[in-house]
Amino acid sequence: MAKAPAKKQDDRQIIRIFDTTLRDGEQSPGNSMNIEEKLRIAKQLQKLNVDVIEAGFPIASEGDFEAVKKVAQMIKGPQIAGLCRSNDKDIDRAWEALKYAGEKGRIHTFIATSDIHMKYKLKMEPGRVLESAVKAVKRAAGYTPNVEFSCEDAVRTRLPFLAEVVEAVIAAGATTVNIPDTVGYTIPFEYFNIIKYLKDNVPNIDKAIISVHCHNDLGLSVANSVAAVQAGARQVECTLNGIGERAGNCSLEEFVMILKTRGDILPFACNIATEQLTPSSRLLSNITGIAVQPNKAVVGANAFAHESGIHQHGMLMEKSTYEIMTPESVGLSASALVLGKHSGRHAFKKRLEELGHDLDGEKLNRAFERFKALADLKKEVFDEDLDAIVADEAREEEKYKLGHITVTCGSFAVATATVQMEIEGNAVRTAELGDGPVDATLKAIRKLSKTKASLMQYNVGSITGGTDAQGEVTVRVAEGQHVVVGKGSSTDIIEASAKAYIHALNRLNYKQKRMPEGV
Ligand code: KIV
Ligand code: ZN
């Protein structure tokens, strides 16, 4: 059957993409980022051309405040949002950070509206919740006309009350109203009806943009977002790789490619530069150390891999037999082999930029030296190698820095590691015995750093094929309420292990300073 022709781009309704990787995404276990890492993501989101970047929750900590402020100062193009609860202190603090974005600054304030949240969490009567919401929006609107209001747990809110709150906050000055599925509970049919109910029952609904924000607890966040758009929502909140609280948020790359691929039945478009999707996804996992599952739609390593003979045969005849979108359209280059030992600095920097890494100055020098050393050891340097080099070399000056390691081990020897490292600029050294060279090395680092953190997980893998490949080590470390991931790479897996462990200790240190226990 012939397909209906896709609608012309001009006839399509634009769906705004509100990215909350740096706020909802960052607050999930293992995904925390320091300010410099947040800025790198924000610059990539600018290239991706998202409409709004939610950069953080300014009152949550000094680190969050600084990150929102720096993103507001540096990013041009997207609007910059900061989250705040519905109280004066939160709103004032949010604007203090957001004001640097001028008219592109957006105050995003929220309060829960479901009976269950109002009774057990807020311990407030509905009337007081409504009052707080209106008061908060009015205060925010005193700073900027760009105000978003979210009814937290909207999906479990009684519909007449939801409509009452939405009408009141729009009247108070909210220009975007968000209807989140905070707990990932709804299904597409139900969510469609909620949005439609608001369209039909809130008299001033046309004065604001309806936004949706779906969590993925039942694996339906993307499907629910699509249903909401069909019912009239015009902003979708999402994250790179779908990271976020618990099972995560609506995945930006999946939602965007649905709009692009199913233009035949979805008369919508968005402003995303889709060829930046893969670089964005890779940059995020590179920074957080959290890998994307191989079978993840759009950006997983297998998303465009055709294994079965029948599929490969079809692909050779005509790509559209098994490919509904092209790898190029999501920024996956056909060849992963990029550079060799004769490649110059210019080619190196250009390839890094294509992969989403904007390095300059000392960081670029360090990464280039490391690339040259690797190219001497290995004949072929792949994109994945470059990602790993950048992950190690683009870090800011940190508390712990690895110096040298010497290990002795073998089938008849007790493994011994001597580790020299710098702690806040002071060189320290020790030796430890262990159950194998990795154990001995990590014990020595543990002793020198005096850390009390537990090593929850240790994984070693090879970045590419061949015995000369770089080993990549990922560790998960926890202390109290804080869990962090560390990553390190080297052609020597003992060194990769030490780097990963030190990376994790530095992240833990940052997190503990930023959010002390109990906050
Ligand atoms: O999930 C949620 O309800 C949120 C709001 C604060 C928008 O993240
Ligand atoms: Zn959320």
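**Group meeting: the surroundings of ligand 1**

Ligand 1 is surrounded by R23, D24, H108, F110, S150, E152, N178, P180, T182, H213 and H215, where a residue counts as near if one of its heavy atoms lies within 4 Å. This is a predicted model, in which local features need pLDDT of at least 70, side-chain atom pairs count only at pLDDT 80 or more, and totals for chains, interfaces and linings use all residues. Residues are numbered from 1 along each chain as its sequence is written, chains are lettered from A and ligands numbered from 1 in the order in which they are written, and side-chain values use heavy atoms, with hydrogens and water left out.

By class, that shell holds 2 nonpolar, 6 polar and 3 charged residues. Here Ala, Val, Leu, Ile, Met, Phe, Trp, Tyr, Cys and Pro are nonpolar, Asp, Glu, Lys and Arg are charged, and the others, Gly among them, are polar.

Now the polar contacts, meaning pairs of N or O atoms within 3.5 Å. R23 places a polar side-chain atom 2.9 Å from an oxygen atom of ligand 1. For D24 the distance from a polar side-chain atom to a ligand 1 oxygen is 3.1 Å. In H215, a side-chain N or O atom is 3.0 Å from an oxygen atom of ligand 1. Of the 260 Å² of accessible area that ligand 1 has on its own, the protein covers 94%, by the Shrake-Rupley method with a 1.4 Å probe.

Which elements each supply at least two shell residues? They are α1 (21-25), β5 (105-112) and β6 (147-152), with helices (H or I, at least four residues) and strands (E, at least two) taken as DSSP runs numbered from the N terminus. The chain has 17 helices and 18 strands.

Last, the C-alpha trace spans about 80 × 60 × 40 Å along its principal axes.

Definitions and conventions
A polar contact is a pair of N or O atoms within 3.5 Å; within protein, one must be able to donate a hydrogen and the other to accept it, and residues adjacent in sequence count only if both atoms are side-chain atoms.
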